[in-house]
Each structure stands twice: as structure tokens, then as C-alpha cells.
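This is a short walk through one protein model, starting with a pair of strands and ending with its aromatic rings. Please keep the structure open while reading.

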Amino acid sequence: MSNSLIPTHQEPPRSLTAVEFHQLANVPPEKEWFANIDNARTRRAYQIDLRDFMNFIGIAQATDFRTVTRAHVLAWRKHLEARQLSGATIRRKLAALSSLFDYLCERNAVSLNPVAGVKRPRGNNNEGKTPALGDHQARALLDTPDPDTLKGKRDRAMIAVLLCHGLRREELCLLKVRDIHDRRGVPHLRIHGKGNKIRYLPVHPASAERIHAYLEMAGHGAITDAPLFQPVRKTGASITADGVYKCVLAYAQQAKISVDGFGVHSLRATAATNALEHEADIAKVQEWLGHANIATTRLYDRRKSRPEDSPTFKVSY
């Protein structure tokens, strides 16, 4: 988007020109209103969501956005529900549309946001859908990689970092050797989280041992700028998120872990659940996971659904 769209402190607020407004219809990710969305996946999802709305309403010109009313948004929401999309997906689509109209309102291109006040599907306030592993399954997964090969040492360290620190897989891939450092005499991991937010996590002893063994064999432990976890065939690049996914699922299969919906994110849910079960403060867990809202952290709190705590096992005849 041209710099002419960004008023200087000397210019009075003004509406977009017809040409500038027309550019907004394309909704490419580099547009100004996308600037505060740091996550590439979110940008792609929002782009798809907005094109979905434009196709449903039949928006052919940028000026058509000015004619959108709440009734149009309600009709789209009903259409999304008829497609049996999940509540989370519908909420995201409405959020994308609302984000666009907020931007247009700020630029005086439209007078109001038609998404405002449109009811969105409720979230599941009790428990998230991502399954968590039991302690015995987590131990089996930790012990499955071969401790004598480079790949096995890397994967043992990688799984330990995921299970002991609750990282997102993208956060794991972004780790560099220099991100392991001391703070107040205690080894920490510097995590590059969502929204370019940095958080510092003390290194779990099990992770520290495995990381040391991996770096000792891999040989890049002294290269501070090097990615921490790299492909076995040295390229100097980091292991990819897809590589982490395939790795974790392969070991889960070897360990005979059969859990519906299991994925890399399940290790994050497992870490959070385990910490909460061992009386970690939920506010501390929120900070540990890098959640902006504690309500998200509560989705990982499975303490009330532990099978071993069921009254079933209290029955005795």
C-alpha cells in the first residue's frame, strides 16, 4: 500500500481516494490493516476468510463494501453454520471480517462496522479439543527414539523440550543455540512466541541432559547463531514444522500411542496438564505457555476429567 494512505501528523484525516479504496478489494497480506497480524498462518487464514465473504456476498468492486450491512453478515454466518463449520472457524472468519471493517472505519472509508454486535458461536469453556497424553504415554514417547544415533539424540532432545516446556512447534523450530543461556545462574530457554513476544523458561533437567548429548554429537553447539534443532543432513537450516510433525507422529506410532486427534500440539497440552496436576499456579502456567488470555490456559486444565479420579473406581461391593 502506498505511503499516501498513511497520514502524517501535519495532514488532516481524510477518506481514501477511489483508487486507494479499490486496492483494498484485493486484500493481499501486505496491506496496512494486516500489519498487526504477525503470524503467517493467521494472515493466510484471514485472507481466505475474506475472499469467502466477498464471494458469498458477490463483492466485485471495492465500493461494494460500503453497502454491506449487518443483515449481510448474519446471512453469511447462517451460511457458514449450514456448512457445518466448527464454532472456532466461524469465530475466526467473523473476526477477520470485523478486522477489515475496523480498518475501513479508521480510514473513513465506511461509517460503521457491520460485524459489531453480530453474535458469534460460543467457545468450549470447559476443555480444549487437543488431547493430552497420560503420564505413561508421555514416558513411552520420551524413550522411543534411539539414544545412540544422531537422529535419535536429536529427537529425544526435541520431544523432551516439547513435553517439558510446552512449546508450540513453531517456537521449537525458531530456537537457536544462543537461546540457551543463563539467567541468575540458571539455564533458560529464550522462546520467540506469537506476536514477537519473548519469554524465558528455565531448562528442565531432562531437557538439558538430552540437549547436551545431542549437541555434543551434532557438533554445532559452539555456533551461537545456528538453529538448535537441524536436519540430520546438515544444511545449516532449522528443522521445519512439518519435519517436527512427521517425527512426533512416527514415534507415537512406534510407541503404540493411539489417541484420537493426536498431534504435536498434544505435547503442549500434556505439558500444561501435567504442570497443573502437580499444583502449578494457573497464572504461572499462562505465562509459561505464552497465552495472552488465561481463558485459553484453562482449556488445558484436565484435572476434573482424570479417569483415575472418577467415582467409578471408588465403587466397591
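The model is predicted. A good place to start is strand β3, where the bridge partner of Ile191 is Arg199. Ile191 belongs to strand β2, residues 186-192, which pairs with β3 in the antiparallel sense over five bridges. The two strands make a hairpin with five residues between them. In its turn, Gly195 has a positive phi of about 65 degrees.

Strand β3 covers residues 198-202, and its side chains alternate. Arg199 and Leu201 point to one face and are buried. Ile198, Tyr200 and Pro202 point to the other face and are not buried. Tyr200 also has a charged neighbour: the charged end of Arg183 sits over its ring, 3.9 Å from the ring centre.

Turning to ring-ring contacts, a search of the whole structure gives two aromatic pairs. In one of them, Phe53 and Trp76 have ring centres 5.0 Å apart and planes at 70 degrees; planes over 60 degrees apart count as edge-to-face, so this pair is edge-to-face. Phe53 lies in helix α2 (residues 40-57) and Trp76 in helix α3 (residues 70-82), so the contact ties together parts that are 23 residues apart in sequence. Phe53 counts as buried because its relative accessibility is 0%, and Trp76, also at 0%, counts as buried too.

The rings of Tyr214 and Phe229 have their centres 5.8 Å apart, with planes at 15 degrees, so this pair is stacked. Tyr214 is in helix α8 (residues 205-218), while Phe229 is in the loop between α8 and α9 (241-254); the two residues are 15 apart, and the pair links distant parts of the chain. Both Tyr214 and Phe229 are buried.

Methods: Residues numbered from 1 in each chain as written. Predicted model: local features only at pLDDT ≥ 70, side-chain atom pairs only at ≥ 80, totals over all residues. Heavy atoms only, no water. Buried < 20%, exposed > 50% of the residue type's maximum accessible area, 1.4 Å probe, protein only. Helix = DSSP H or I, 4+ residues; strand = E, 2+ residues; numbered from the N terminus. Pairing = 2+ DSSP bridges. Phe/Tyr/Trp six-rings, centres within 6.5 Å; stacked < 30°, edge-to-face > 60°. Lys NZ or Arg CZ within 6 Å of the ring centre and 35° of its normal.
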